Amino acid sequence: MIMLLSSMVFAQKPKYNKKSTNYSNSAAFYINTGVGFSGHGVPFYIGFDYNDVHPDISIGGSFGIRNWSRAHKDHYHDYRSWNISFNGNYHFNRIMNIPNNFDFYAGLNIGYYNYKDRNDYVNDDWSYYNSGMGIGLQIGGRWFITDVIGLNLQFGGGSQYTGGNFGVTFRL
């Protein structure tokens, strides 16, 4: 099974032999999914990017969720958090003459973040996290190993992922 899967992936010769004028390779949408970097639990995310705004600009959104525990006095608080955010990115491929199997970008995100303690302690009104709006910056890149499938890595702050995220991107 593994040999069949790997032969299907590597048998497709990518069409990235020349420089492109567009990072998206004419794909209107990207779907992104993966895990985030965090000191509290492992966040999971799914998101999308719309690439037909401008040859160098995309807009999109994402949804993330994670669970973790934090010690307080003689008990633990079990948190579940989720976020929904929107982003805009500038893609540097055209001005830096980067091939379209790579995508280098930076941008801004804004979203709502919800933190919920799953335990209800009657005599404990301590809350370490607050829900609300957040804003942040990100910088990242993608490497497309086929015409459709790529790996993504993004760093930034102000989001549920805190330090960044890593995952898979699909061109649609």
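**Entry 1: the loop before S1**

I began with serine 26, which I found in the loop between H1 and S1, working throughout on a predicted model. I looked up its backbone and noted that phi of serine 26 is near 70°, a positive value in a residue other than glycine. I wrote down the general expectation beside this entry, namely that most residues other than glycine have a negative phi. For the side of solvent access I read a relative accessibility of 73% for serine 26, and because exposed means over 50%, serine 26 counts as exposed.

I then turned to asparagine 25, whose place is also in the loop between helix H1 (2–11) and S1. Asparagine 25 is not a glycine either, yet I read a positive phi of about 55° for this residue. Its relative accessibility is 29%, so I entered asparagine 25 as partly exposed.

**Entry 2: the barrel**

Next I followed the strands and recorded a closed barrel of 8 strands, which runs S1-S2-S3-S4-S5-S6-S7-S8 with antiparallel pairing. The twist from one strand to the next averages 30°. As a reminder to myself, strands of a sheet pair through backbone hydrogen bonds, either parallel or antiparallel.

I looked up three of the pairings by their bridges. Strand S1 (residues 29–37) and strand S8 (residues 164–171) run antiparallel and are joined by 8 bridges, and here I noted that phenylalanine 37 has glycine 164 in S8 as its bridge partner. Between S7 and S8, which also run antiparallel, I found 7 bridges. Strand S6 (residues 132–144) is joined to strand S7 (residues 149–156) by 7 bridges, again with the strands antiparallel.

Which residues stand on either side of glutamine 154 was my next query. I found glycine 140 opposite glutamine 154 of S7, while the bridge partner of glutamine 154 in S8 is asparagine 165.

**Entry 3: asparagine 87**

My last search concerned asparagine 87, which lies in strand S4 (residues 75–91). Is asparagine 87 buried or exposed? I read 16% relative accessibility, and since buried means under 20%, asparagine 87 counts as buried.

I then listed its surroundings, leaving out residues up to four places away in sequence, and found that asparagine 87 touches Asp49, Ser58, Ile59, Gly60, Gly61, Leu108, Asn109 and Gln138. Within its own strand neighbourhood I noted one further item, a polar contact of 3.4 Å that joins the side chains of asparagine 87 and asparagine 89. I set beside this the general point that in a regular strand the side chains alternate between the two faces of the sheet.

How values were computed. Residues are numbered from 1 along each chain as its sequence is written. This is a predicted model: local features need pLDDT of at least 70, side-chain atom pairs count only at pLDDT 80 or more; totals for chains, interfaces and linings use all residues. Side-chain values use heavy atoms; hydrogens and water are left out. Helices (H or I, at least four residues) and strands (E, at least two) are DSSP runs, numbered from the N terminus. Buried means under 20% relative accessible area, exposed over 50%, partly exposed in between (1.4 Å probe, protein chains only). A polar contact is a pair of N or O atoms within 3.5 Å; within protein, one must be able to donate a hydrogen and the other to accept it, and residues adjacent in sequence count only if both atoms are side-chain atoms. Contact means heavy atoms within 4.5 Å. Two strands pair if DSSP finds at least two bridges between them. Axes are lines fitted to C-alpha atoms, for helices over the stretch in contact, and angles run from 0 to 180 degrees between N-to-C directions.
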